[in-house]
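Student: I would like to take a close look at one part of this model and then see how that part fits into the whole. Could you go through it slowly with me?

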Amino acid sequence: MVHYIALYKLAKGIDESIVDDLMRQSRSFLFRIQEAHNPKSGKRIDARMDYPFFVSIDFESMDKLTMFRDDPVWIKFQHDHIKPVTWDFVEMVYETEPGKNLKYS
């Protein structure tokens with residue numbers, strides 16, 4: 001199982017109500033994508049954190065993650081909701097099964 005995490009920095013002037021809407025929209029969009037399992041999104045609790053918004057999703061394999069990145073629903077969500085309110089992001093991908101050879105992820 002592969003776990004994907006994306007952390008986002010918000011553009012200037014983005015307030016908490018917009019982040020709350022982004023959380024609602026992300027859940028609505030991500031649950032429509034067949035390859036995405038257990039999608040989550042959230043906002044920071046500590047104001048000192050550099051990345052105030054995140055999305056995390058589980059995938060069965062790296063191939064499913066690749067399919068997700070090409071999915072029209074994800075592309076539309078990024079274009080319509082993520083890009084207008086963020087200016088930078090970091091993506092991280094982890095294997096969650098102990099002892100699994102990473103080349104088979």
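Student: Which residue in β3 does Val2 stand opposite?

Tutor: Keeping in mind that this is a predicted model, we can begin with the pair you ask about: Val2 stands opposite Phe59, which lies in β3. The two strands concerned are β1, covering residues 2-10, and β3, covering residues 53-59, and they pair in the antiparallel sense over 7 bridges. As a general point, the strands of a sheet pair through backbone hydrogen bonds, and the pairing can be either parallel or antiparallel.

If we now widen the view, β1 and β3 belong to an open sheet of 4 strands, whose order is β2-β3-β1-β4 and whose pairing is antiparallel. Strands β2 (37-43) and β4 (86-95) form the edges, each of them pairing on one side only. From one strand to the next, the twist averages 15°. Helix α1, made of residues 16-30, packs on this sheet and touches β1, β2 and β3, and its direction makes about 175° with that of β2.

Phe59, the partner of Val2, also leads us to the largest nonpolar core, which has 22 residues. Within this core, Phe59 is one of the residues that touch the most other members, a group that also includes Tyr4, Tyr8, Phe53, Ile57, Phe68 and Trp74. At least two residues of the core come from each of β1, α1, β3, α2 (62-69) and α3 (72-82). Tyr4 shows in detail how such contacts can spread: leaving aside residues up to four places away in sequence, Tyr4 touches Val55, Ser56, Ile57 and Phe59, then Leu65, Phe68, Arg69 and Trp74, and also Glu91, Met92 and Val93.

Finally, we can place these elements in the chain, which has 3 helices and 4 strands and follows the pattern β-α-β-β-α-α-β along the sequence. Of the contacts with a separation of 6 or more, 73% are between residues 24 or more positions apart. Buried residues make up 36% of the 105 residues in the chain. The radius of gyration is 14 Å, which agrees with the value near 13 Å that a compact globule of 105 residues would have, and along its principal axes the C-alpha trace spans about 45 × 30 × 20 Å. The accessible surface of the chain comes to about 6,600 Å², and 54% of that surface belongs to carbon and sulfur atoms.

Definitions and conventions
Residues are numbered from 1 along each chain as its sequence is written. This is a predicted model: local features need pLDDT of at least 70, side-chain atom pairs count only at pLDDT 80 or more; totals for chains, interfaces and linings use all residues. Side-chain values use heavy atoms; hydrogens and water are left out. Two strands pair if DSSP finds at least two bridges between them. Axes are lines fitted to C-alpha atoms, for helices over the stretch in contact, and angles run from 0 to 180 degrees between N-to-C directions. Contact means heavy atoms within 4.5 Å. A nonpolar core is a set of buried Ala, Val, Leu, Ile, Met, Phe, Trp, Tyr and Cys residues joined through side-chain atoms within 4.5 Å. Buried means under 20% relative accessible area, exposed over 50%, partly exposed in between (1.4 Å probe, protein chains only). The radius of gyration is taken over C-alpha atoms; the globule rule is 2.2 Å times the number of residues to the power 0.38. Accessible areas come from the Shrake-Rupley method with a 1.4 Å probe; for residues, only the protein chains shown count as cover.
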